Number of protein chains: 2
Amino acid sequence: MDEVEGIGKRRRSKAQERLLSTASELFYREGIGATGVDTVSERASVSKRTLYNRYGGKDALISAYLRDRDEQWWAYLRGVSEGIADPEGRLMMVFDAYGEWLSGHDFRGCAFANAQAEIADPGHPALAVARGHKERIEEHMATLAREAKYSKPEVLAEKLLLLLEGAVAMAVMRRTSGPLETARSTALELMDVHGRRVQ
Amino acid sequence: MDEVEGIGKRRRSKAQERLLSTASELFYREGIGATGVDTVSERASVSKRTLYNRYGGKDALISAYLRDRDEQWWAYLRGVSEGIADPEGRLMMVFDAYGEWLSGHDFRGCAFANAQAEIADPGHPALAVARGHKERIEEHMATLAREAKYSKPEVLAEKLLLLLEGAVAMAVMRRTSGPLETARSTALELMDVHGRRVQ
DNA sequence: TCTAAATTATACAGACCTGTGTATTTTTAC
DNA sequence: GTAAAAATACACAGGTCTGTATAATTTAGA
């Protein structure tokens, strides 16, 4: 029975998992438009028919790719934030996580921003996933800023998000993690500007 | 005689101009990868052969597109900055220019960031154009910050660039100019942090 | 073991892609 | 007006793309 990712209740098959991880790597590294479904299925050693039976088409595979990326990102942040108790430290961990994630991998920038840049149709379902991802990051930072008792935590969170996104965009262009460090130190300055309501 | 854009001394022909403006619009609105050379030549009412004789190929056309975009951006900034004498005002004009540019057009984000996201090959000549564009903007802001006697003008300029780039990226995702306004007000706060060396 | 679902291999349709070849016509410059 | 440059129309090569059709095969559960 053909099952569409995200709707079906049946757990992912191994073929489906392999398709997703392969698509994830190729879409990120080579670009979404530049990666064909034939390439994905071949590299995953899964027939193209299965790809279409499992995902329905390329568009759904793109959405699944971004959803997977979103999940991985949160898992990664959860991991590195594990020991830290104070909200300020956890706030800075978002910057550190971006920075760490940069080095090592052949860095191709933010998968969500790249998808936004590549997909012209604003109604494409994958773009809703990308928007949701950024929204959750901002909310996460706003929550931490609130817990740390900064004044206007939502405004602070938006500022920090702008710094982060700009830093990633510039880092990928310059092939340096410098922008991330600048963003981090600037974040501290902005946190200082927002002061702290002592309870 | 076949002439390659950027090397030849002969001024652009009308056909070449039409090719460039058509490519510019399509590359920006639909994406570089999604726009074929056939489409460009048809929409420009110029034969495909002329496109190849003039530009040599699609890659060179992409580079020309970004160079053109860069020129247009500076012309626009020059225009809106015309009356302003003080460097601080001119610094804020960069933010205003980004914001103005946002509204009106069907906004698809920063053409240079989009090219960076779409083109996987880091050696592609168009990416050098994109890098140069951002570098010049940062230098421009650093010069203004220096003239306005802010301390560490280069550092301030980098911070402002990060805010700008992040704001554009978020604005295109959210379809709001809100991020640009946030970036603008945050820029003022950072300028305050950097104080002013009174001469 | 037997049955039903999942996956496979293979071929194909129809469209699009970049780039070239060639002969003809138009435009430009002197 | 004439010669050279530019642009045109048209066809074509050799790929790639998404998506589908079909029949055979493998896997997994009762």
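## How the two chains relate

Copies here are superposed by least squares on the C-alpha atoms of residues with pLDDT of at least 70 in both. This is a predicted model, and in it chain B lands on chain A (RMSD 0.0 Å) after a rotation of 180 degrees with 0.0 Å of shift along the axis. The two copies are therefore related as by a two-fold rotation axis.

If you want to find that axis from the chain B side, look for B:Gly166: in chain B its C-alpha is the nearest to the axis, at 1.9 Å. Both copies also use the same surface, with 100% of the contact residues of chain B turning up again in chain A.

## Where the helices cross

Now for a helix pair that spans the two chains. Helix H9 of chain A (residues 178-193) packs on helix H8 of chain B (residues 153-174) at about 95 degrees, and their axes are 10 Å apart. Angles from 65 to 115 degrees count as roughly perpendicular, so that label fits H9(A) and H8(B).

On the H9(A) side, the residues that meet H8(B) are A:Pro179, A:Thr182, A:Ala183 and A:Thr186. Their partners in H8(B) are B:Glu158, B:Lys159 and B:Leu162. Sorted by class, this contact comes out as 3 nonpolar, 2 polar and 2 charged residues.

## Inside the core

In soluble globular proteins, nonpolar side chains tend to be buried together. Here the largest nonpolar core has 110 residues, and A:Met141 and B:Met141 are the ones with the most contacts inside it.

What does B:Met141 touch, leaving aside its neighbours within four places in sequence? The list runs B:Leu91, B:Val94, B:Ala157, B:Leu160 and B:Leu161.

Conventions:
Residues are numbered from 1 along each chain as its sequence is written. Chains are lettered from A and ligands numbered from 1 in the order in which they are written. This is a predicted model: local features need pLDDT of at least 70, side-chain atom pairs count only at pLDDT 80 or more; totals for chains, interfaces and linings use all residues. Two residues are in contact if their C-beta atoms, placed from the backbone, lie within 7 Å. A nonpolar core is a set of buried Ala, Val, Leu, Ile, Met, Phe, Trp, Tyr and Cys residues joined through C-beta atoms within 7 Å. A residue is buried if 20 or more other C-beta atoms lie within 10 Å of its own, exposed if 12 or fewer, and partly exposed in between; C-beta atoms are placed from the backbone. Axes are lines fitted to C-alpha atoms, for helices over the stretch in contact, and angles run from 0 to 180 degrees between N-to-C directions. Helices (H or I, at least four residues) and strands (E, at least two) are DSSP runs, numbered from the N terminus. Angles under 35 degrees count as roughly parallel, over 145 as roughly antiparallel, 65 to 115 as roughly perpendicular and the rest as oblique. Ala, Val, Leu, Ile, Met, Phe, Trp, Tyr, Cys and Pro count as nonpolar, Asp, Glu, Lys and Arg as charged, and the others, Gly among them, as polar.
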